[in-house]
Amino acid sequence: MWRAIASNALTLLIVFLFLGGGLILWGKRSYETTGPLQEAICVRVEPGSNMTKISRKLEADGAISNGTIFRLGADYSDKSDQLKAGSFLVPEGASMQDIVDILTRGGASTCGTEIVYRIGVTSSEFVLRELDPGTNRYVEQAAYDPTGDEVPEAFAEPLSQGDTRHRIAFAEGVTSWQVVEGLKHVSVLTGDIVELPAEGTLAPHSYEVRSGDTRASVIGRMTEEQTAILDEAWKNRVDGLPIASKEEALILASLIEKETGVPEERRQVASVFVNRLNQGMRLQTDPAVIYGITKGQGVLGRGLRQSELRGETPWNTYLIPGLPPTPIANPGRASIEAALDPADTKYVFFVADGSGGHAFAETLAEHNANVAKWRRIEAEKANQ
């Protein structure tokens, strides 16, 4: 009898082990396989939340098929207590394992609400936008000019939420004064900038910041980035340039930046300046003259007068030989690279062509013809 009981018990044990092993394999497969999500969603993790709350929300949203397996998988991988507050994009078909990784890896929010602080050359705009998970594109909710408008009410709640993303986008060609003035309006930043950064030393692109970051820290990041860009471009510069130092390269790059907004033209514009420097010709670039008037503190807002073209300033390239003493703006990477690797041309003139770009010329006769054409275009526009 005892032998029969032992045999039956052993059989039951084997069956239970077999079933248990199958259950574990099923759970593991369910945890790792493609999930049921038909389109991407944005999952917000509140501060103090836990895997139980999140699993219920994910089940309700149709992102996971089994909350228990989700929690067990997170516990087995030692991630149950590693949830990070924020808003995170969960892509279509994400497995439970993928979702756990997304919600616990840390870093800035990847979806939800974002405030973009656009600091430009002629104007600034602060924009509130929301990521549409379905299209993975941002949809603008509200915007205002920080220099004159009241902050819209729509900004109040996002500014108070810890998971709102904040991004400062600087336009290429902004001056250091414009950068500092723009940062003063970014309310999530703290502290003052004691000294105006040297012109040209700030890399103008996009920087993600967090509430409580200092304005000085943003300037520090911009300076480090510009130094790295300039060092790399200097290392890769072509031979035979009339540029003696990185500082002169930055000056030339700023002239290129302010002369054209057409990416394909930068190396051509650079070649004009390089050819003029090599031939001992004055650079005769209007943006430098304007900088001598404004010192980079805003825009001139009108055309140059003849008296200003004849006025003596260190930046009047109609009068001074060679480069001006300082950059006239903060150039972007492409303009720095163009200054140190210009196109191989014989151009020494250029003028606007009426399409947003420029007409280039090797001789004065060609240039005069291009100028006459441009004046006809201007006259036609004035008569419309």
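Helices (H or I, at least four residues) and strands (E, at least two) are taken here as DSSP runs, numbered from the N terminus. Counted in this way, the protein chain has 13 helices and nine strands. The model is a predicted one, in which local features need pLDDT of at least 70 and side-chain atom pairs count only at pLDDT 80 or more, while totals for chains, interfaces and linings use all residues. Residues are numbered from 1 along each chain as its sequence is written, and side-chain values use heavy atoms, with hydrogens and water left out.

We can begin with the overall outline. Taken along the principal axes, the C-alpha atoms of the protein chain fill a box of roughly 115 × 50 × 45 Å. The radius of gyration, computed over C-alpha atoms, can be set beside a globule rule of 2.2 Å times the number of residues to the power 0.38. For a compact globule of 384 residues the expected value would be near 21 Å, but the protein chain has 30 Å. Domain bounds, which come from an automatic or database domain assignment, give domain 1 (31–111), domain 2 (113–228) and domain 3 (348–383). The centres of domain 1 and domain 3, taken over C-alpha atoms, are separated by 60 Å.

Burial is described by relative accessible area: buried means under 20%, exposed over 50%, and partly exposed in between (1.4 Å probe, protein chains only). By this scale, 42% of the 384 residues of the protein chain count as buried. A few residues put this scale on the model. R29 lies in helix α1 (residues 2–32) and counts as exposed because its relative accessibility is 53%. Between the C-alpha atoms of R29 and A365, which are 336 residues apart along the chain, there are 77 Å. A40 lies in the loop between α1 and β1 (41–45), and its relative accessible area of 15% makes A40 buried. The C-alpha atoms of A40 and E92 are separated by 4.6 Å, with their positions 52 residues apart along the chain.

The strands of domain 2 offer a friendly place to follow the pairing, where two strands pair if DSSP finds at least two bridges between them. Strand β3 (residues 113–119) pairs with β4 in the antiparallel sense over seven bridges. Within this pair, Y117 stands opposite F126 in β4, and the hairpin of β3 and β4 has four residues between the strands. Strand β4 (residues 124–132) is in turn joined by seven bridges to strand β5 (residues 137–144), and β4 and β5 run antiparallel. Here D132 has R137 in β5 as its bridge partner. The hairpin of β4 and β5 also has four residues between the strands, and N136 takes a positive phi near 60 degrees there.Positive phi values also occur in two loops. Most residues other than glycine have a negative phi, and most peptide bonds are trans. D78, a residue other than glycine, has a positive phi near 60 degrees. D78 lies in the loop between α3 (67–76) and β2 (86–90) and is exposed, with a relative accessible area of 59%. Q284 is not a glycine either, yet has a positive phi of about 50 degrees. Q284 lies in the loop between α9 and α10 and counts as partly exposed, at 37% relative accessibility. In helix α10 lies V289, which is buried because its relative accessible area is 2%.

The last feature is the largest pocket. On a 1 Å grid over the protein atoms alone, a pocket is an open set of points where a 1.4 Å probe fits, with protein on both sides within 12 Å along at least five of seven lines, and lining residues have an atom within 4 Å of a point. Grid points are joined across faces, edges and corners, and a volume is the space filled by probe spheres set on the points. The largest pocket holds about 1300 Å³ of space. Its lining has 41 residues, and the closest to the centre are E259, T285, D286, P287 and Y318. Two or more lining residues come from each of α8 (246–259), α9 (266–279), α10 (286–294), α11 (306–310), β8 (349–352) and α13 (364–383). Helix α13 gives the largest share of the lining, six residues.

For the chemistry of the lining, Ala, Val, Leu, Ile, Met, Phe, Trp, Tyr, Cys and Pro count as nonpolar, Asp, Glu, Lys and Arg as charged, and the others, Gly among them, as polar. By these classes the lining of the largest pocket has 21 nonpolar, 13 polar and seven charged residues. Domain 2 and domain 3 each give at least three residues to this lining.
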